[in-house]
Amino acid sequence: MEEEILFFKEGKADFPSFFSNALILEWLHVIAAHYSRKLGALNFIFCDDEYILSVNRQYLQHDYYTDVITFDYCEGDVLSGDVFISLDTVKSNSEEYQSGYENEFHRVICHSVLHLIGFKDKTDADSVMMRENEDICLELLKTL
């Protein structure tokens with residue numbers, strides 16, 4: 001599968017002022033390499049709460065807001081998928097957790113990639129492992 005990473009906006013969402021295609025692309029390569037993976041076709045769709053709610057209802061039969069939904073199309077060691085990120089929820093989560101919008105934005109990006117790698121977050125133990133790996137990815141971002 002050929003590498004193609006694309007970024008889209010849906011609903012009333014707009015890219016944050018700190019958003020950098022080049023930085024995110026470089027970081028995704030670093031994350032993939034760190035976990036011995038390659039990048040394939042990845043679509044990041046930045047949206048508002050209403051848009052992600054409609055995706056959640058239509059495809060997952062969930063009737064609630066969320067920060068990120070990841071659809072996994074990986075084959076072997078090639079990371080591919082569609083990632084929907086609600087910037088509304090990312091922003092409100094950053095305020096709730098006092099983590100900063102930019103940090104929370106980057107955390108959900110790596111969270112989605114970690115799901116594609118195979119990390120889960122349904123159990124407490126899985127959530128701890130996910131958080132540890134998010135922190136590793138955020139440290140990798142600081143090296144760029």
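**Figure 1. The whole chain, read from one end to the other.** Going along the sequence, the protein chain runs β-α-β-α-β-β-α-α-α. With a radius of gyration of 14 Å, close to the 15 Å that the globule rule gives for 144 residues, the protein chain is as compact as a globular protein of that length. Keep in mind that this is a predicted model. In all there are five helices and four strands, and the C-alpha atoms fit a box of roughly 35 × 35 × 30 Å along the principal axes. Buried residues account for 44% of the 144 residues. Of the contacts between residues at least 6 apart in sequence, 64% link residues at least 24 apart. The chain exposes about 7800 Å², and carbon and sulfur atoms supply 49% of that area.

**Figure 2. Strand 4, a mostly covered strand.** Strand 4 spans residues 78–86, and nine of its nine residues are buried. In a regular strand, side chains alternate between the two faces of the sheet. Here Val78, Ser80, Asp82, Phe84 and Ser86 point one way, while Leu79, Gly81, Val83 and Ile85 point the other way. Both sets are buried, charged Asp82 included.

**Figure 3. The partners of strand 4.** Which way does strand 2 run against strand 4, parallel or antiparallel? Strand 2 (residues 38–47) pairs with strand 4 in the parallel sense, over eight bridges. One spot to zoom in on is isoleucine 45, whose bridge partner in strand 4 is phenylalanine 84. Strand 3 (residues 68–72) pairs with strand 4 in the antiparallel sense, over five bridges. There, aspartate 72 sits opposite glycine 81 of strand 4. The hairpin of strands 3 and 4 has five residues between the strands, and glycine 76 in that hairpin takes a positive phi near 60 degrees.

**Figure 4. Helix 3 and its two sides.** Leu87, Thr89, Val90, Asn93 and Ser94 are the buried residues to look for in helix 3. They cover an arc of only 160 degrees around the axis, so they lie on the same side of helix 3. An α-helix has 3.6 residues a turn, so residues three or four places apart point the same way. The buried residues of helix 3 pack against strand 2, helix 2 (49–60), strand 4 and helix 4 (101–117). Turn to the face away from that buried side and you meet the exposed residues Glu95 and Glu96.

**Figure 5. A closer look at serine 94.** Is serine 94, in helix 3 (residues 87–96), buried or exposed? Its relative accessibility is 6%, so serine 94 counts as buried, given that the cut-off is under 20%. Leaving out residues up to four places away in sequence, serine 94 touches Ser99, Gly100, Tyr101 and Glu104. Just along the chain, glutamine 98 follows helix 3 and has a positive phi, near 50 degrees.

**Figure 6. Two loop residues with positive phi.** Most residues other than glycine have a negative phi. Serine 36 goes against that, with a positive phi of about 55 degrees although it is not a glycine. Serine 36 lies in the loop between helix 1 (21–34) and strand 2, and its relative accessible area of 58% makes it exposed. Glutamine 61 is another non-glycine residue with a positive phi, near 55 degrees. You will find glutamine 61 in the loop between helix 2 and strand 3, exposed at a relative accessible area of 60%.

Methods: Residues numbered from 1 in each chain as written. Predicted model: local features only at pLDDT ≥ 70, side-chain atom pairs only at ≥ 80, totals over all residues. Heavy atoms only, no water. Buried < 20%, exposed > 50% of the residue type's maximum accessible area, 1.4 Å probe, protein only. Contact = heavy atoms within 4.5 Å. Pairing = 2+ DSSP bridges. Arc of directions from axis to C-beta. Rg over C-alpha atoms; globule rule 2.2 N^0.38 Å. Areas by Shrake-Rupley, 256 points an atom, 1.4 Å probe, with all protein chains shown as cover.
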